[in-house]
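Dear colleague,

I am handing over the structure below, and my notes on it follow. Please read them alongside the coordinates.

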Amino acid sequence: MRLQPATTQDIGFVRMIWAKPRNAAFLDVPADAEVEDAIAAGDILLWHDGTAPVGFAYLQEWVPEVWGLRAFATDVRGAGKAFLDAVLVEVFEKRGGHRVGLDTTVDNAAALRLFEAAGFRREGVWRECWRRPSGDWVDCVFMAMLRREWQE
């Protein structure tokens, strides 16, 4: 498996993974223009098995050296840890990041386990921070990792 930048030919794959019911319950799907801009900026990365992409990560630089993981999804169960490790190398080593943050809904147990196992720390709960497509509001957990914590 390897991490590689998405291209405009990958938009269909990214949107397909994003819209899968198990992901759509936890991720809001952005407009096509946002996805295209993120791909052009090199901020959507694919997790590739050598034949085809099996996941994607969407990074956003919030302020210099502070990155956000806007979205992270894979189509292969059990691939999350290696994929997340590769994304962290990208943020901290290749992009010179000092900090990476993310949020996930309080009921996304698999994501919480994955991010905590990788070393992310919970920094707080945002009450009713996201409205699901169903119309229900849900609380979100904000998590982050500093470069020095990643190096430990």
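A residue is called buried here when its relative accessible area is under 20%, exposed when that area is over 50%, and partly exposed in between. Because the relative accessible area of Gly55 is 0%, this glycine counts as buried. Please keep in mind throughout that the model is a predicted one.

Gly55 is a convenient place to begin. Gly55 belongs to strand β3, and its C-alpha lies 3.7 Å from that of Thr74, although the two residues are 19 positions apart in sequence. Leaving aside residues up to four places away in sequence, Gly55 is in contact with Phe13, Leu45, Leu46, Trp47, Ala73, Thr74 and Phe83.

From there one can turn to the sheet as a whole, which is open and consists of seven strands in the order β1-β2-β3-β4-β5-β7-β6, with mixed pairing. The edges are taken by β1 (2–5) and β6, each of which has a single partner strand, so one side of each has no neighbour in the sheet. On average, and with direction ignored, neighbouring strands of this sheet are turned by 30° against each other. At the β1 edge, the pairing with strand β2 (residues 44–48) is antiparallel and comprises four bridges, with Arg2 having His48 in β2 as its bridge partner. Helix α4 packs on this sheet, where it touches β1, β2, β3, β4, β5 and β7, and its direction makes about 155° with that of β4. Helix α5 also packs on the sheet, touching β4, β5, β6 and β7, and its direction makes about 15° with that of β7.

Strand β4 (residues 66–74) deserves a closer look, since eight of its nine residues are buried, and the strand is therefore largely enclosed by the rest of the structure. Its pairing with strand β3 (residues 53–63) is antiparallel and runs over eight bridges, and within that pairing Tyr58 stands opposite Ala71 in β4. With strand β5 (residues 99–105), by contrast, β4 pairs in the parallel sense, over three bridges, and here Gly68 stands opposite Gly101 in β5.

The hairpin of β3 and β4 has two residues between the strands, and in it Glu65 takes a positive phi near 70°. Most residues other than glycine have a negative phi, which is the reason for listing such cases here. Glu65 is placed in the loop between β3 and β4, and counts as partly exposed because its relative accessibility is 45%. A second residue other than glycine with a positive phi is Glu128, where the value is near 40°; Glu128 sits in strand β6 and is exposed, with a relative accessible area of 52%.

Two helix pairs may also interest you. Helix α4 (residues 80–94) and helix α5 (residues 109–118) pack at an angle of about 50°, with their axes 10 Å apart, and are therefore oblique to each other. Their crossing is right-handed, and the contact brings Gly80, Lys81 and Leu84 in α4 together with Leu114, Phe115 and Ala118 in α5. By class, the residues of this contact are four nonpolar, one polar and one charged.

In the other pair, helix α1 (residues 11–19) and helix α3 (residues 32–40), the packing angle is about 125° and the axes are 11 Å apart, so α1 and α3 are likewise oblique to each other. The crossing of α1 and α3 is right-handed, and in it Ile11, Val14, Arg15 and Trp18 in α1 meet Asp32, Val35, Glu36 and Ile39 in α3. Of the residues in this contact, five are nonpolar, none is polar and three are charged.

One last residue is Arg132, which is located in the loop between β6 (121–131) and β7 (137–146). Is Arg132 buried or exposed? At a relative accessible area of 17%, Arg132 is buried, and, not counting residues up to four places away in sequence, it touches Ala25, Phe26, Thr105, Asp107 and Val138.

With best regards

How values were computed. Residues are numbered from 1 along each chain as its sequence is written. This is a predicted model: local features need pLDDT of at least 70, side-chain atom pairs count only at pLDDT 80 or more; totals for chains, interfaces and linings use all residues. Side-chain values use heavy atoms; hydrogens and water are left out. Buried means under 20% relative accessible area, exposed over 50%, partly exposed in between (1.4 Å probe, protein chains only). Contact means heavy atoms within 4.5 Å. Axes are lines fitted to C-alpha atoms, for helices over the stretch in contact, and angles run from 0 to 180 degrees between N-to-C directions. Angles under 35 degrees count as roughly parallel, over 145 as roughly antiparallel, 65 to 115 as roughly perpendicular and the rest as oblique. A crossing is left-handed if the near helix is turned anticlockwise from the far one by less than a right angle, and right-handed if clockwise. Ala, Val, Leu, Ile, Met, Phe, Trp, Tyr, Cys and Pro count as nonpolar, Asp, Glu, Lys and Arg as charged, and the others, Gly among them, as polar. Two strands pair if DSSP finds at least two bridges between them.
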